[in-house]
Amino acid sequence: MQLPKSVNVLGVKYKVKLQSRLIENDESLLGMTDFPNDTIWLRKGMDVQRTQQTLIHELVHAMLYEVGNDDYNSENLVNPLGNVMYQVIKDNDLKVK
Ligand SMILES: [Zn+2]
C-alpha cells in the first residue's frame, strides 16, 4: 500500500500528511485526524507497517465521523476496527476497482 496523498471518505477529501512531532494534551501520538481541516496527520519516521496501520486507524475515525456516528472519537471502538481492517486489507492484498 503506497501512502496516498489524500483519501476520499464519503466525498470529503482527507489530505494525508506526515509530521515529525504530533502532540495532543502532552501525549505523543502516532496519528491524528484534524476534522475541521480534513487532514490526517501521521508521525514521520515510523516504519511502513506502523504508518499503514495508523493511516487505517485514522481513516476509521474519519469514516465514523462522515457517517455521523457520535462515537467517532472512541478509541475503544476505533482501535479494534482499525486493527482488523488493516489485517484484512493487508493479508488478502485487497484492491477493489
Ligand atoms: Zn484514534
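Where is the place of Asn25? In this predicted model, Asn25 sits in the loop between β3 (23-24) and β4 (27-28). Its phi is near 50°, a positive value in a residue other than glycine. With a relative accessibility of 72%, Asn25 counts as exposed, since the cut-off for that word is over 50%.

Asp93 can be read alongside it. Asp93 belongs to the segment after α2 (75-91), and its phi is near 50°, again positive in a residue that is not glycine. Asp93 counts as exposed too, at 67% relative accessibility.

**Into helix α1**

Helix α1 covers residues 48-66, and Glu58 is found there. Thr54 is found in helix α1 as well. Glu58 has a relative accessible area of 5% and Thr54 one of 6%; because buried means under 20%, Glu58 is buried, and Thr54 counts as buried.

Here are the four residues with their accessibility values:

| Residue | Place | Relative accessibility |
|---|---|---|
| Asn25 | loop between β3 and β4 | 72%, exposed |
| Thr54 | helix α1 | 6%, buried |
| Glu58 | helix α1 | 5%, buried |
| Asp93 | segment after α2 | 67%, exposed |

What does Glu58 touch, leaving aside its neighbours within four places in sequence? Glu58 is in contact with Gly31, Met32, Thr33, Ile40 and Leu42. With one of these, Thr33, there is also a polar contact of 2.7 Å between the side chains. If you would like a backbone distance to check, the C-alpha atoms of Glu58 and Val16 are separated by 10.0 Å, with the two residues 42 apart along the chain.

Thr54, with its neighbours within four places in sequence left out, is in contact with Leu30, Gly31, Leu42 and Met46. Gly31 and Leu42 therefore appear in the contacts of Thr54 and in those of Glu58, contact being heavy atoms within 4.5 Å.

**The zinc ion**

Helix α1 also holds His57 and His61, 4 residues apart, about one turn of the helix. Both His57 and His61 are buried. Through NE2, each is a protein donor of the zinc ion, and Glu75 contributes two OE entries; the donors lie 2.0 to 2.3 Å from the ion. In sequence the donor residues follow the spacing H-x3-H-x13-E.

Why is the arrangement around the zinc ion irregular? The 4 donor atoms subtend angles of 58 to 145°, whereas a tetrahedral label requires all angles to lie between 85 and 135 degrees. For reference, the ideal angle for four tetrahedral donors is 109.5 degrees.

Terms used
Residues are numbered from 1 along each chain as its sequence is written. This is a predicted model: local features need pLDDT of at least 70, side-chain atom pairs count only at pLDDT 80 or more; totals for chains, interfaces and linings use all residues. Side-chain values use heavy atoms; hydrogens and water are left out. Helices (H or I, at least four residues) and strands (E, at least two) are DSSP runs, numbered from the N terminus. Buried means under 20% relative accessible area, exposed over 50%, partly exposed in between (1.4 Å probe, protein chains only). A polar contact is a pair of N or O atoms within 3.5 Å; within protein, one must be able to donate a hydrogen and the other to accept it, and residues adjacent in sequence count only if both atoms are side-chain atoms. Donors are N, O and S atoms within 2.8 Å of the metal (3.2 Å for Na, K and Ca); water is not among the atoms, so sites may look incomplete. Four donors count as tetrahedral if all angles lie between 85 and 135 degrees; four count as square planar and six as octahedral if opposite donors are over 155 degrees apart and all others between 65 and 115; anything else is irregular.
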